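Me: I have a model open and would like a close look at one part of it. Could you take me through its charged side-chain pairs, and then add a little about the surroundings of a strand hairpin?

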Amino acid sequence: MPNWGGGAKCGACEKTVYHAEEIQCNGRSFHKSCFLCMACRKALDSTTVAAHESEIYCKTCYGRKYGPKGVGFGQGAGCLSTDTGDHLGLNLQQQGSPKPARPSTPTNASKFAKKIADVDKCPRCGKSVYAAEKIMGGGKPWHKSCFRCAICGKSLESTNVTDKDGELYCKVCYAKNFGPKGIGFGGLTQVEKKE
């Protein structure tokens, strides 16, 4: 039978798809409004579509249905997904395999409290140093505002910082206070020479 409608048939609704509203995937044409994940019905585009034979899915549903199963193949790196996909119409349980057990107790709040308590402390002010404000110096975390010379108060950078006994110094103050002494080393001037 000839195609009098002027365009290809939509892979989802089987109605005519005209060029102005056409999206092609896997050699099939779709209306923009029909280009949806077959499981969760989320709108798709060229970066989020994953095709399997004549079916189209979002990458998440495709991974749940056709991706690897087991430990380490969950929704994030190194996790075990306990999502069965039932709410999406996906039957991910293998025949004869047991359903994943739900934890019988709530998550341990003390683990969360311990993680918060493990935040690094600034050696200068003693307050917590969070990742967004952390500067490492002398093997310890510092606030950016505390990352200063202990003697002159000059703001330090990785190119001019030195540390001694857990304290930070600029190179000039370190040389004056802890460097070699004598003529030619900055400790004594020509006027101060021994007579």
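How many salt bridges does the structure hold?

Reply: Happy to help! Please keep in mind that this is a predicted model. The structure holds two salt bridges, and we can take them one at a time.

Let's start with aspartate 120, whose salt-bridge partner is lysine 134. The closest N and O atoms of this pair are 3.0 Å apart. Aspartate 120 sits in the loop between helix H2 (109-117) and strand S7 (134-137), while lysine 134 belongs to strand S7 itself, so the salt bridge ties together parts that are 14 residues apart in sequence. How open are the two ends? Aspartate 120 has a relative accessibility of 32%, so it counts as partly exposed. Lysine 134 is partly exposed too, because its relative accessible area is 34%, and the cut-offs for that class are 20% and 50%.

The other salt bridge brings together the side chains of glutamate 167 and arginine 124, with an N to O distance of 2.1 Å. This pair links distant parts of the chain: arginine 124 is in the loop between H2 and S7, glutamate 167 is in strand S10 (residues 167-170), and 43 residues separate them. For glutamate 167 the relative accessible area is 25%, so this residue is partly exposed. Arginine 124, at 32% relative accessibility, is likewise counted as partly exposed. As general background, side chains of opposite charge can pair when their charged atoms come close.

Now for the hairpin. Strands S3 (residues 22-25) and S4 (residues 28-31) run antiparallel and are joined by four bridges. Within this pairing, isoleucine 23 has phenylalanine 30 of S4 as its bridge partner. Two residues lie between the strands of the hairpin, and asparagine 26 adopts a positive phi near 55°.

Strand S4 also contains histidine 31, which deserves a look of its own. Its relative accessibility is 8%, under the 20% cut-off, so histidine 31 counts as buried. A polar atom of the histidine 31 side chain lies 2.8 Å from the backbone oxygen of threonine 16. Leaving aside residues up to four places away in sequence, histidine 31 touches Cys10, Cys13, Lys15, Thr16, Val17 and Glu21. Thr16 therefore appears both in that list of contacts and, through its backbone oxygen, beside the polar side-chain atom of histidine 31.

Definitions and conventions. Residues numbered from 1 in each chain as written. Predicted model: local features only at pLDDT ≥ 70, side-chain atom pairs only at ≥ 80, totals over all residues. Heavy atoms only, no water. Pairing = 2+ DSSP bridges. Salt bridge = Lys/Arg side-chain N within 4 Å of Asp/Glu carboxyl O. Buried < 20%, exposed > 50% of the residue type's maximum accessible area, 1.4 Å probe, protein only. Polar contact = N/O pair within 3.5 Å; in protein donor to acceptor, adjacent residues only side chain to side chain. Contact = heavy atoms within 4.5 Å.
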